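Visitor: I would like a close look at a single part of this model, namely chain D and the surfaces through which it meets its partners. Please take me through it slowly and with care.

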Amino acid sequence: MTTQFAAAGVSRRSLLRIGALMAAAAALPVKVWASIARPEAAFTATGLEDTFAQLGGMPTVSADIILETPDIAENGAVVPATIISNIPNTTKIFVLVEKNPNPLAGMFEFPAGTAASIQTRVKVAQTCSIYGVVEADGKLYMASKETKVTLGGCGG
Amino acid sequence: MIRTLGFVVFTVFASVAFADTSYDVLMRSMTDKNQATLSRLNQDDIQEACSQSRDQPGNADVLKALREQSLASVTLPADGIFIGDWQRGAAVANNGRGLQYSDDPSAPNGGNCYACHQLDPRELAYGTLGPSLANYGARGQSEPMLNYTWVKLWNTHAYNACSHMPRFGAQGILDEQQLKDIMAYLLDPASPVNQPLED
Amino acid sequence: MAGRIRIRAQLKDGVTEVKALMRHPMETGQRKDASGNAIAAHFITEVSATHNDNVVLSGQWGAAVSQNPFLGFSFEGAAIGDEITVSYLDNKGETGSGSTKVK
Amino acid sequence: MIKVRNLVLMSLLGIITAAAVAQDGIFDEYREMMGEDNAGVFIIDEGQEYWFSKTGPKAATLEACDLGLGEGVVEGAYAQLPRYFEDVDRVMDLEARLVHCMIDLQGRSRAEVHAKPYSLRGDMGTEIEALSAWIANQSNGLAIAPGQIHAREQSAYDVGEKLFYYRAGPHDFSCATCHGQADKRIRLQSLAHLESYDGAAGAYSSWPAYRISEGIIRTMGWRMRDCFRQQRMPELVMGSDASVALQIYLAVNGAGAPLAAPGLKR
């Protein structure tokens with residue numbers, strides 16, 4: 001199995017079963033892969049609006065989301081992002097990069113007992129806003145901040 | 001310190017070890033790669049004089065000859081028009097590519113002005129090897145000013161022998177239209193280079 | 001030598017802070033090699049962290065997560081000496097895993 | 001073996017954190033947010049594996065490689081490079097010496113070893129890069145002390161010094177164009193003044209370096225090659241006379257300063 005994880009025409013469940021078998025063969029915890037569904041359509045969406053639509057609609061801007069990203073990144077290949085949600089009952093955090101070919105970089109799901117915060121590093125193709133989107137009680141909230149991506153040394 | 005000590009002890013052998021010129025050493029240490037061939041290691045008069053003097057030619061005659069030779073290399077715009085399009089000039093000033101073996105030879109070369117100079121005062125990523133050129137247009141567009149700027153871009157050694165700036169015209173890095181566009185970026189009152197920062 | 005994960009887990013005031021660094025190329029599929037051939041996409045799609053076999057974090061990733069991904073999060077309920085494991089699965093079906101004890 | 005590695009790894013985590021990170025003001029926030037977790041630790045680990053793995057037609061490890069302090073002595077060896085090696089009657093940097101050992105001990109061809117010494121952007125690292133990181137790391141904290149006793153070592157310095165000022169190519173650049181003055185920068189990137197002790201010490205001591213933006217270890221030899229690329233020159237051959245001469249020029253100018261290798265860069 002070298003194809004994309006959620007290839008068209010194969011049910012999510014059977015794919016997970018294959019994945020689980022492979023994980024077992026590699027002596028890794030088996031059950032972990034079945035924990036959350038992959039929002040494949042959101043990962044392949046090509047614009048910010050389309051991505052939001054795939055996630056369930058336009059999020060509401062919230063001051064209860066803390067988004068820490070640098071104002072200026074020396075290189076867009078590695079841009080640190082920290083997202084902390086103070087919204088009660090937060091279950092998921094999504095990280096989006098506005099002008100990437102596919103804005104959705106990743107999603108994280110938090111069981112009870114895990115703080116609704118995440119530190120990650122993402123690729124930022126060009127100067128644009130990074131979005132932290134939070135899902136709580138089935139509703140979407142967001143915060144965003146621009147990161148300027150500068151050119152390196154001699155520009156080559 | 002380390003060197004001095006070694007020099008005293010083994011100075012006898014030093015002269016036999018390396019009689020090669022820098023050119024010889026580079027020729028056997030490098031390989032052609034795409035557009036960057038070994039022929040680039042050949043030095044012209046200016047490169048040789050500046051290398052040997054470490055960019056500080058002390059001899060007045062040498063200096064004068066370098067300046068005159070450089071001035072003679074300059075081609076003024078065929079149609080007598082010095083100023084092009086500042087927006088295209090901005091792109092040339094920002095582009096750092098061109099003539100490296102990693103660059104696409106079919107793409108236009110950049111001037112990479114921002115690598116060394118401040119221009120638009122709103123641009124944070126500027127270098128400091130050359131002087132700031134922010135608000136350069138305040139110097140006006142008199143005939144001598146147009147001429148001076150053109151010559152400076154074409155062959156900087158006409159005014160400042162062994163300057164570190166590339167000879168954008170004389171070495172064929174930028175074409176005439178690109179030079180006109182850079183002129184506009186520097187001198188056009190509408191160019192962002194000439195829009196001071198608001199407080 | 002992909003597949004490795006280095007983890008630190010530190011307990012402070014009842015909260016365990018986990019930091020994990022994974023060895024993975026995270027190829028987007030848009031990069032070309034020296035001869036100009038496209039390099040196939042190769043990126044982590046799923047990541048999971050467990051504490052004594054209970055899932056404490058799960059993630060779904062795309063290729064825009066940086067090369068050698070870093071993941072930081074915190075959770076409650078662990079004691080010093082408990083085992084923390086972080087695992088991933090990528091789009092080629094390859095897996096990686098690493099464990100550490102809470103300090 | 002396992003025990004040794006764990007010790008090395010434990011020390012590494014601290015070393016990379018402590019390694020010199022240039023302070024460029026405007027990027028302080030970015031660097032602070034990057035924190036101390038970087039993949040350099042994996043690469044150093046991989047370098048050790050390369051050293052001890054049986055490779056090439058002779059299926060030999062590099063354990064018998066003499067980096068200048070005797071067969072198999074890795075600790076402290078990098079700090080004393082480049083240096084003269086009597087067995088080949090040449091001054092060599094680390095990369096030239098590793099190539100020699102790979103050919104001599106492992107029976108590999110020069111062409112194979114030179115095929116792809118340095119990573120392309122986005123790659124996961126090469127054998128030379130990993131070995132350099134691991135070897136240099138075992139000179140971390142030691143003073144830069146290149147060979148300057150033998151006549152060939154001295155003349156290599158003199159050649160390096162001349163090369164530093166050699167202007168050529170369509171842009172008329174030399175090393176001195178960018179590195180002949182203090183307190184200058186290209187775009188936002190600070191430039192080391194390599195004629196001075198401070199500049200040379202700061203620059204030389206921080207290579208090999210983990211480049212955050214590329215996710216790989218870059219070596220001193222790569223730095224030389226890439227500077228020539230940006231000068232619009234042809235490609236510098238790894239371990240060539242020009243590469244070694246320039247490295248010894250920088251090492252002597254910065255001699256005495258403690259190595260912080262691998263360093264951490266943008």
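Guide: What follows goes through confidence, then the two interfaces of chain D, and then some links within chain B.

This is a predicted model, and its overall scores are an ipTM of 0.78 and a pTM of 0.83. Chain D itself averages a pLDDT of 89, with 86% of the residues scoring at least 70. Within chain D, residues 1-24 have a pLDDT below 50, and this stretch has 37 contacts in the model beyond near neighbours in sequence. Where pLDDT is low, the predicted coordinates should not be read in detail. For chain B, the mean pLDDT is 91 and 90% of its residues reach 70 or more, although over residues 1-18 of chain B the pLDDT stays under 50, and the model has 26 contacts beyond four places in sequence for that stretch. The mean pLDDT of chain A is 79, and 73% of its residues reach 70 or more. In chain A, the pLDDT is below 50 over residues 1-32, a stretch with 45 contacts beyond near neighbours in sequence, and again over residues 152-156, where the corresponding count is 16 contacts.

We can begin with the interface between chain D and chain B. Here 49 residues from chain D and 56 residues from chain B take part in the contact. The size of an interface is often given as the accessible area lost when the parts come together. Chain D and chain B bury about 4,900 Å² between them, and 57% of that area is on carbon and sulfur atoms. On the chain D side, D:Y166, D:R167 and D:R187 lose the most area to chain B, and together these residues account for 18% of what that side buries.

The polar side of this interface can be described in counts and in one example. Between chain D and chain B there are 34 residue pairs in polar contact, with both residues at pLDDT 80 or more, and the count of salt bridges between these chains is five. One salt bridge joins D:E161 to B:R54, with the closest N and O atoms 3.5 Å apart. As for where the chain D surface comes from, the elements that give two or more residues to the side touching chain B are α7 (151-164), α8 (175-179), β3 (184-186), α10 (220-230), β7 (235-236) and α11 (241-253) of chain D. The largest share comes from α7(D), which supplies 11 residues. Sorted by class, the side of chain D that touches chain B has 25 nonpolar, nine polar and 15 charged residues.

We turn next to the interface between chain D and chain C. In this case 21 residues of chain D are in contact with 18 residues of chain C, and the two chains bury about 1,700 Å² between them, 53% of it on carbon and sulfur atoms. Within chain D, the residues D:D37, D:F42 and D:M124 lose the most area to chain C, together 43% of what that side buries.

Four salt bridges are found across the interface of chain D and chain C, and seven residue pairs are in polar contact there, both residues being at pLDDT 80 or more. One salt bridge pairs C:R23 with D:E46, the closest N and O atoms lying 2.8 Å apart. On the side of chain D that touches chain C, the elements giving two or more residues are α1 (2-18) and α3 (40-52) of chain D, and α3(D) gives the most, with seven residues. That side divides into 10 nonpolar, three polar and eight charged residues.

Lastly, some links lie within chain B, the partner discussed above. Over all chains the count is two disulfides. One of them is formed by B:C50 and B:C162, whose sulfur atoms are 2.0 Å apart, and this link is left-handed, with -90° about the S-S bond. B:C50 lies in helix α3 (residues 45-52) of chain B and B:C162 in the loop between α6 (143-154) and α7 (176-187) of chain B, so the disulfide ties together parts that are 112 residues apart in sequence. Over all chains there are also 32 salt bridges. In chain B, B:R167 forms a salt bridge with B:D44, their closest N and O atoms being 3.0 Å apart. This pair links distant parts of the chain, with B:R167 in the loop between α6 and α7 of chain B and B:D44 in the loop between β1 (30-31) and α3 of chain B, 123 residues apart.

How values were computed. Residues numbered from 1 in each chain as written. Chains lettered and ligands numbered in written order. Predicted model: local features only at pLDDT ≥ 70, side-chain atom pairs only at ≥ 80, totals over all residues. Heavy atoms only, no water. pLDDT = per-residue confidence, 0-100. Contact = heavy atoms within 4.5 Å. Buried area = accessible area lost by both parts, 1.4 Å probe. Salt bridge = Lys/Arg side-chain N within 4 Å of Asp/Glu carboxyl O. Polar contact = N/O pair within 3.5 Å; in protein donor to acceptor, adjacent residues only side chain to side chain. Helix = DSSP H or I, 4+ residues; strand = E, 2+ residues; numbered from the N terminus. Nonpolar A, V, L, I, M, F, W, Y, C, P; charged D, E, K, R; others polar. Disulfide = S-S within 2.5 Å.
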